[in-house]
Amino acid sequence: MKAGKLYFGSNLKMYKGVADTAAYLTELQRLTADLNREGIELFILPSYTALPEAARVTDQSLVRLGAQNMGWEEEGQFTGEISCRMLRELGIGMVMAGHSERRHVFRETDEDEQRKVRCALDHGMIPLLCVGETAEDKRYGISREVLTMQLKIGLYGVSREEAPRVRVAYEPVWSIGVNGTPAEPAYAETMHAAIKEVLRGMFGEAGSRIPVLYGGSVNPGNARELIALPSVDGLYVGRAAWQADKFNILIRDALAACGR
Ligand code: PEP
């Protein structure tokens with residue numbers, strides 16, 4: 001049996017509107033209500049416009065809600081941004097930083113992600129920092145270096161006391177979305193072990209308490225093998241999680257693979 005808490009989350013990206021998000025969350029809570037939350041944590045990141053309704057229909061002791069992005073200032077002349085204070089006002093306590101689409105489509109930098117992580121921690125939120133190498137990085141053999149840089153800059157200034165509030169998702173860029181190829185389990189394990197080593201180097205024992213989730217084309221065919229890997233603490237699922245009944249089955253299969 002695999003020990004420790006297991007994490008299952010999904011980023012809904014820019015797909016579900018208000019009504020679809022509420023229906024999805026209602027169904028997911030109903031289907032997973034019997035799963036013991038001491039052993040697992042479930043979290044969902046809806047679109048901004050759906051967050052107020054999501055917060056209304058969700059019991060966050062069953063499904064934690066998070067935002068997909070955040071501006072790093074409390075308020076000010078930052079047109080189009082949503083601040084941590086605004087998210088807290090809605091009862092949102094988790095925020096993602098550094099999703100590959102933010103880094104590669106919107107050209108965000110490691111420094112941008114670091115400011116969001118800092119702001120989240122300063123406001124009592126849980127930051128979920130996504131890291132991952134591109135196909136080119138992998139070809140040049142610099143995946144570890146890239147991951148190390150993303151972690152060291154993204155988590156710069158985080159104290160040992162704060163570290164256990166952080167979560168990390170390893171999402172190789174080449175594995176994400178409709179054109180992605182899932183990482184081979186052996187490769188995912190090697191990268192997760194490398195990430196954990198960096199986290200221990202940065203935060204000592206507190207670093208080993210940071211959960212590291214795998215994301216990138218997780219599906220019903222590979223979830224069991226990926227979650228059973230020793231250095232994988234959870235699954236961060238996109239497409240395969242966007243129907244509540246399918247996500248529920250994937251979670252239960254993954255738990256069974258861990259002897260739960
Ligand atoms: C993602 O976009 O973070 C993701 C993991 O998506 P998918 O599972 O669809 O590859």
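## Close-up views of a predicted protein model

**View A. Ser217 is a buried residue, with a relative accessible area of 12%.** Welcome to the tour, which runs through a predicted model. Ser217 falls under the 20% cut-off for relative accessible area, so it counts as buried. Look for Ser217 in the loop that runs between strand 7 (212-215) and helix 9 (223-227). Its backbone deserves a glance too: Ser217 is not a glycine, although its phi is positive, at about 55 degrees.

**View B. Arg107 is another non-glycine residue with a positive phi, here about 60 degrees.** The loop in this view connects helix 4 (100-104) and helix 5 (110-122), and Arg107 lies within that loop. Is Arg107 buried or exposed? Its relative accessibility is 64%, which is over the 50% cut-off, so Arg107 counts as exposed. Compare this with the loop of the previous view, where Ser217 is buried.

**View C. Step back for a moment to see the whole protein, with its 10 helices and eight strands.** The C-alpha atoms fill a box of roughly 45 × 45 × 35 Å, taken along the principal axes. A compact globule of 260 residues would have a radius of gyration near 18 Å, and the 17 Å of this protein agrees with that. Buried residues make up 55% of the 260. Among contacts between residues at least 6 apart in sequence, 72% join residues at least 24 apart. The accessible surface comes to about 11,700 Å², and carbon and sulfur atoms account for 52% of that. As for charges, there are 31 positive and 34 negative ones, and their mean positions lie 3 Å apart.

**View D. Phe8, Leu235 and Phe247 touch the most other members of the largest nonpolar core, which has 69 residues.** Which helix gives this core its largest share? That is helix 8 (residues 185-203), which supplies seven residues. A second core, of 11 residues, lies apart from the largest one and includes Phe43, Met94, Ala169 and Tyr236. In soluble globular proteins, nonpolar side chains tend to be buried together.

**View E. Phe247 takes the centre of this view, together with the residues it touches.** Setting aside residues up to four places away in sequence, Phe247 is in contact with Phe8, Gly9, Ser10, Tyr24, Leu28, Leu42 and Ile44, and also with Val237, Ala240 and Ala241. Phe8, one of these partners, is likewise among the residues that touch the most other members of the largest core.

**View F. Lys196 lies in helix 8 and counts as buried, with 14% relative accessibility.** What does Lys196 touch, not counting residues up to four places away in sequence? Its partners are Ile210, Val212, Ser231 and Asp233. Helix 8 also appeared above, as the source of seven residues of the largest core.

**View G. Val95 sits in strand 4 (residues 94-97) and is buried, with a relative accessible area of 3%.** Beyond residues up to four places away in sequence, Val95 touches Ala67, Asn69, Met70, Leu87 and Ala120, along with Met125, Ile126, Pro127 and Leu128. For the partner Ala120, 25 residues away along the chain, the C-alpha separation from Val95 is 7.1 Å.

**View H. Helix 1 (residues 18-32) is home to Val18 and to Leu31.** Val18 counts as partly exposed, at 39% relative accessibility. Apart from neighbours within four places in sequence, Val18 is in contact with Thr49, Ala50 and Glu53. If you would like to place Val18 in the wider model, its C-alpha atom is 28 Å from that of Val166, which is 148 residues away along the chain. Leu31 touches Ala244, Asp245, Asn248 and Arg252, again leaving out residues up to four places away in sequence. Leu31 and Gly80 are 36 Å apart from C-alpha to C-alpha, with a sequence separation of 49 residues.

**View I. Our last stop is Arg224, in helix 9.** With 39% relative accessibility, Arg224 counts as partly exposed. Not counting residues up to four places away in sequence, Arg224 touches Asp253 and Ala257. The C-alpha atoms of Arg224 and Ala257 are 5.4 Å apart, while 33 residues separate the pair in sequence.

Methods:
Residues numbered from 1 in each chain as written. Predicted model: local features only at pLDDT ≥ 70, side-chain atom pairs only at ≥ 80, totals over all residues. Heavy atoms only, no water. Helix = DSSP H or I, 4+ residues; strand = E, 2+ residues; numbered from the N terminus. Rg over C-alpha atoms; globule rule 2.2 N^0.38 Å. Buried < 20%, exposed > 50% of the residue type's maximum accessible area, 1.4 Å probe, protein only. Contact = heavy atoms within 4.5 Å. Areas by Shrake-Rupley, 256 points an atom, 1.4 Å probe, with all protein chains shown as cover. Lys, Arg positive; Asp, Glu negative; His and termini not counted. Charge placed at Lys NZ, Arg CZ, Asp CG, Glu CD. Core = buried A, V, L, I, M, F, W, Y, C linked by side-chain atoms within 4.5 Å.
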